Amino acid sequence: MASQVSILFPTFEGEKPIVYKELSPVAIHDLAIDMLCKAMSDNEKEQKLFETVFTSMTDDPRVASYRSDVFEDIRNNPAMRKEMTELLDRVQVIKDFGILKRGVGAKAGLWELMHKLDEISDYINCVESINSCLQNADVKSAGLLGLREFVNNIYKDSFFEDLKRDIENVKMETSEVQSVTIGVNLNTRFEAESIGLVSVNKKQFKNSTILQNFSNAKGLKDTEEWNGDMHYRPIEKDGVLPINQIEKLGSFMAMSSQPLLDMRTRQSIVKIPDDDSNTEVPKYIDQVAGKMLNLLVKKLKDVLVKYVSLSIGSITNLIPEFAYYIRGCELIEKLQEKGFNFCKPEVSSDPSNLMDAKGFYNMKLVLDGDIKSMNDIVPNDLDFNSDNLAYILTGANRGGKTTITQAVGQLFIMAQSGMYVTGNSMTYIPVDGIFTHFPADEDKTMDLGRLGEECTRFKEMYNAATNKSLMLLNETFSTTSFEEGYYIAADSVKAILKKNIRTIYNTHMHKLGFDVEDFNLSEYGVKAVSLIVKSDGGNRSFKVCKMPPEGMSYAQDIAKKYGVTYEMLTQ
């Protein structure tokens, strides 16, 4: 059997499994990941899976590229996507209600076996269709090419063609079953060693005389298979060799010169106890024939279920993974049809290019439903590199600082999960985790709690972050006076630079932005930079720009707009 494959969590030959770091529930909420999951699907189980994908982070660039290429393939093959959705739904139904769910009872009748064969036949048809779907699709990603090979190997290794043919040969409507053929293996002393099911037949055996039985049997057979030439004599209940009637299927005995070793019947053979002192075949048949058919049917069904379960488990494990890509493609396509810009993110081959995003925006704006078209969005550009590693973002209240900060986190989560991202282009180096420090409510910043609790939380984040992490701070250390808050914030920025953490620090403390050059005097090799949300004559532009804080100039614009300058007030 082929080894398991994943189109979301790849493994690389000869290497240890990749370790993923989990995003905290706080970060999930701060970045509106729960909203994204709900936008992709109404199914709660699917939402939980999507959240797992979004919040399991690794900085291994191969994983990000692997997922992104799979997403691209599925997006570019809508016919395959539609067909695969239907097929995987069918397999899921089989998994939930069929082969893997219903156990095989101790008394497994022939009727139940026939229905089990129907289920297995349906499953084989599904695997055939999945295999054909992948073989015919124009895919280029390593993930789907590997999946194509994986499913094809399952199909070949499981001998599905042979199994399907065998099932079709055996399977029939239960109303057509008129008789069964049971074979008994003998040892050299003509003692019964085992008894097994040979065939299920559409016709009942017809009476023949004892003379006909011997005259037409033509001696012992050279093979173990019954070809229908043998005559048979029914054994009446009140006769010398009574055999209980098995439901309404009749009863009979067939003999051959060789053991029943055919692969399809070997698993249905039941051994007669070796320590049984009674060696007479008739008495064994009298004791066990009534129960033998149910026992043999159970044995055969057990084998079939175990056999198919090995492969169905491999296929059904892929159902939620395909659901992630399919739902993601559907969401992005729906938004693209409305005119919103999305692009395929590319992992940067330049280690100094930590991120370069053009025309990006906050996904939440679109999912909220308040924004109806791209014309209502103000896109932005931003990059991370050694000269722009930590941004001190300032600007007017409700000017879009939190929205932009949140959007950057969304870019990395969506890109590393393989999805298209908002904007025109994005190149980046993946992060190993995202750490957020947002107020519970931007209008209630002062309700965050004591400064000591805030400091403790930041210290925990800082200790967990690495030079491959992303840190998003929103009004951090604003729960105290400006002087105290600034002192702590300035030391925190220096520590962030020392650890080389990609950071956006959204704050009202404009002095932090003015003092970035003081923070950059160290020999850390990276720099902080002032980033502002520009004002346009006192109006919010929602556009960011690398420049010193506007500070008093913005306040003057507001004062002039509402007539509260000294001159305007005292005229």
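The exercises below, each with a worked solution, concern a predicted model of a single protein chain.

**Exercise 1. Overall description**

Determine how many helices and strands the chain has, what share of its residues counts as buried, and what share of the accessible surface belongs to carbon and sulfur atoms.

Solution. Begin with the secondary structure, where the chain has 20 helices and 17 strands. Next take burial: of the 571 residues of the chain, 48% count as buried. Then turn to the surface, whose accessible area comes to about 28,800 Å², with 52% of that area belonging to carbon and sulfur atoms. Finally consider the contacts with a sequence separation of 6 or more, of which 75% are accounted for by residues 24 or more positions apart.

**Exercise 2. Packing of two helices**

Describe how helix 2 and helix 12 pack, and state which residues of helix 2 meet which residues of helix 12.

Solution. First locate the two elements, helix 2 at residues 33-40 and helix 12 at residues 319-337, and note that they pack at an angle of about 90° with their axes 9 Å apart. Because angles of 65 to 115 degrees count as roughly perpendicular, helix 2 is roughly perpendicular to helix 12. Then list the participants: Leu36, Ala39 and Met40 of helix 2 meet Tyr324, Arg327, Gly328 and Leu331 of helix 12. Sorted by character, the residues of this contact between helix 2 and helix 12 comprise 5 nonpolar, 1 polar and 1 charged.

**Exercise 3. Two positive phi angles**

For Ala32, find the loop in which the residue lies and decide whether the residue is buried or exposed; then do likewise for Glu475, giving its loop and its burial.

Solution. Start with Ala32, which is not a glycine and yet has a positive phi of about 60°. Ala32 is found in the loop between helix 1 (25-30) and helix 2, and its relative accessible area of 7% makes Ala32 buried. Continue with Glu475, likewise not a glycine, for which phi is positive at about 60°. The loop that holds Glu475 runs between strand 14 (470-474) and helix 16 (482-499), and with a relative accessible area of 3% Glu475 is buried.

**Exercise 4. The surroundings of Asn353**

Place Asn353 in the chain, classify its burial, and identify its contacts beyond neighbours within four places in sequence.

Solution. Asn353 sits in the loop between strand 7 (346-347) and strand 8 (355-360). Its relative accessibility is 19%, so Asn353 counts as buried, the cut-off being under 20%. Once neighbours within four places in sequence are left aside, Asn353 is in contact with Ser348, Phe384, Thr427, Tyr428 and Ile429.

Conventions
Residues are numbered from 1 along each chain as its sequence is written. This is a predicted model: local features need pLDDT of at least 70, side-chain atom pairs count only at pLDDT 80 or more; totals for chains, interfaces and linings use all residues. Side-chain values use heavy atoms; hydrogens and water are left out. Helices (H or I, at least four residues) and strands (E, at least two) are DSSP runs, numbered from the N terminus. Buried means under 20% relative accessible area, exposed over 50%, partly exposed in between (1.4 Å probe, protein chains only). Contact means heavy atoms within 4.5 Å. Accessible areas come from the Shrake-Rupley method with a 1.4 Å probe; for residues, only the protein chains shown count as cover. Axes are lines fitted to C-alpha atoms, for helices over the stretch in contact, and angles run from 0 to 180 degrees between N-to-C directions. Angles under 35 degrees count as roughly parallel, over 145 as roughly antiparallel, 65 to 115 as roughly perpendicular and the rest as oblique. Ala, Val, Leu, Ile, Met, Phe, Trp, Tyr, Cys and Pro count as nonpolar, Asp, Glu, Lys and Arg as charged, and the others, Gly among them, as polar.
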